[in-house]
Amino acid sequence: MSSEPAPFRRIDPARHTRTLAYRPRDQLPFDVAAVPREAMLMLDTTVYIDAQKARLPPELAARLAGQETVHSSVALGEIAASIGLLDPAHAGTPSVAEVLMETLDKADPERTMAPSSAAWLEASILSGVLARTQHLGKDARRKLLNDALVFLSANEAGAVLVSRNVKDIDLLLQLRPGVRVLLYDQTT
Amino acid sequence: MAQPSPKAVTGGRSKRPAALKLSAFPTPRVRHALTFLSAKGILGQAGSRKVSARLDPGLLEAARAKIGVDNDTDLLTAALAIAAGDDEFGGWLVTRGARLPADFELEF
């Protein structure tokens, strides 16, 4: 048995008693140029949606076109859940559902990473600590757990996580600073 | 001059190739493609196949310089890995255009 402490022991919940402040943008990883061109990119759910609304920043779109991408089963699961949630009576549902299903079809299972059991435990502790320090409600807690799962999946895959979820990723990076992330804003 | 046998030119099987060493390929794109093909079980089959082709020397040298390998086996392996195992998802995604309504947000 390994002498390494289990990953979920990396975080000491008792050390985190204050509400974390969001950091200014210049302290967050928004710089595309800082991401090595040989890095694998793991896509957060926002990327699949923003790309298909033509609202990705051009420099990020160029990187996506030329770099290796991998998928998180959690992010793909969020897309799949949305297909189920779409209102069948809404006139726009068939076309939106088709776009989302095409996206899932195109994501190769061999390039899709599921979080390990160790990542699940660590993500659960991270999201539990943040739920307490940030006074999150039940819906926000569930969402943050998914964010933490994608965040740690990227780390396990050795990939850079690409996300527009600036606030939650900021909090996660404050607890777990070593994870590689690229943040972006939607274009208007 | 004797002509090579059809078997030698078009694909007679010979001994198992040495296991691919990713470190032989300096281009990340090639390494990622090989890793993907290996995960799919496409690489590592028994035997190897000898191929012969007449190629433009300028093309060969340009490809060799871009991929950064010395020998023809590594060069063709890299080129075929990109052809068979290159990741196309990012390029596909960013050229889809505005298929979703501007106000669409995931419900989950």
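Is Gln67(A) buried or exposed? Gln67(A) is buried, with 22 other C-beta atoms within 10 Å, which meets the cut-off of 20 or more for a buried residue. The views below show this residue and other parts of the predicted model.

**View 1. Surroundings of Gln67(A), a buried loop residue.** Gln67(A) lies in the loop that links α2 (58–66) to β2 of chain A. Residues up to four places away in sequence aside, Gln67(A) touches Arg37(A), Ala39(A) and Leu41(A), together with Gly90(B) from the other chain. For scale, the C-alpha atoms of Gln67(A) and Ala131(A) are 34 Å apart in space, and the two residues are 64 residues apart in sequence.

**View 2. The open sheet of chain A.** Five strands with parallel pairing make up the sheet, in the order β3-β2-β1-β4-β5 (chain A). The edge positions belong to β3 (112–113) and β5 (181–183) of chain A; each has a single partner strand, so one side of each has no neighbour in the sheet. Helix α6 (residues 138–157) of chain A packs on this sheet and touches β1, β2 (69–72), β3 and β4 of chain A. The direction of α6 makes about 150° with that of β4(A).

**View 3. Strand pairing around β1(A) and β2(A).** Strand β1 (residues 41–43) of chain A is joined to strand β4 (residues 160–163) of chain A by three bridges, and the two run parallel. Within this pair, Met42(A) has Leu161(A) in β4(A) as its bridge partner. β1(A) also pairs with β2(A) in the parallel sense, again over three bridges. Here Leu41(A) stands opposite Thr69(A) in β2(A). Leu41(A) is also one of the residues that Gln67(A) touches. Two bridges join β2(A) to β3(A), and these strands run parallel. Ser72(A) has Met113(A) in β3(A) as its bridge partner.

**View 4. Side-chain directions along β2(A).** In a regular strand the side chains alternate between the two faces of the sheet. In β2(A), Thr69(A) and His71(A) point one way, while Val70(A) and Ser72(A) point the other way. All four of these residues are buried.

**View 5. Helix α7 (residues 166–175) of chain A and its buried residues.** Which residues of this helix are buried? They are Asp168(A), Ile169(A), Asp170(A), Leu171(A), Leu172(A) and Leu175(A). The buried residues of α7(A) pack against two helices, α5 (117–133) and α6 of chain A, and against the strands β4 and β5 of chain A. An α-helix has 3.6 residues a turn, so residues three or four places apart point the same way.

**View 6. Chain B, its elements and its confidence.** Chain B has five helices and two strands, which run α-β-α-β-α-α-α from the N terminus on. Of its 108 residues, 17% count as buried. Among contacts in chain B with a separation of 6 or more, 73% come from residues 24 or more positions apart. The mean pLDDT of chain B is 81, and 81% of the residues score at least 70. Among the elements of this chain, helix α1 (residues 6–10) of chain B has the lowest mean pLDDT (34), and helix α5 (residues 89–94) of chain B has the highest (96). The pLDDT is below 50 over residues 1–14 of chain B, a stretch with 14 contacts in the model beyond near neighbours in sequence.

**View 7. Crossing of helices α3 and α4 in chain B.** Two packed helices are described by the angle between their axes and the distance between the axes. For helix α3 (residues 57–67) and helix α4 (residues 72–85) of chain B, the axes come within 10 Å and cross at roughly 80°. α3(B) and α4(B) are therefore roughly perpendicular to each other. Ala63(B), Arg64(B) and Ile67(B) in α3(B) meet Leu75(B), Ala78(B) and Ala79(B) in α4(B). By class, this contact has five nonpolar, no polar and one charged residues.

**View 8. The interface between chain B and chain A.** In this view, 23 residues of chain B are in contact with 27 residues of chain A. On the side of chain B that touches chain A, the elements giving two or more residues are α2 (28–39) and α5 of chain B. The largest share, six residues, comes from α5(B). By class, this side of chain B has 14 nonpolar, four polar and five charged residues. The predictor gives the complex an ipTM of 0.90 and a pTM of 0.81.

How values were computed. Residues numbered from 1 in each chain as written. Chains lettered and ligands numbered in written order. Pairing = 2+ DSSP bridges. Helix = DSSP H or I, 4+ residues; strand = E, 2+ residues; numbered from the N terminus. Contact = placed C-beta atoms within 7 Å. Axes fitted to C-alpha atoms, helices over the stretch in contact; angles between N-to-C directions. pLDDT = per-residue confidence, 0-100. Nonpolar A, V, L, I, M, F, W, Y, C, P; charged D, E, K, R; others polar. Buried ≥ 20, exposed ≤ 12 C-beta atoms within 10 Å, placed from the backbone. Parallel < 35°, antiparallel > 145°, perpendicular 65-115°, else oblique.
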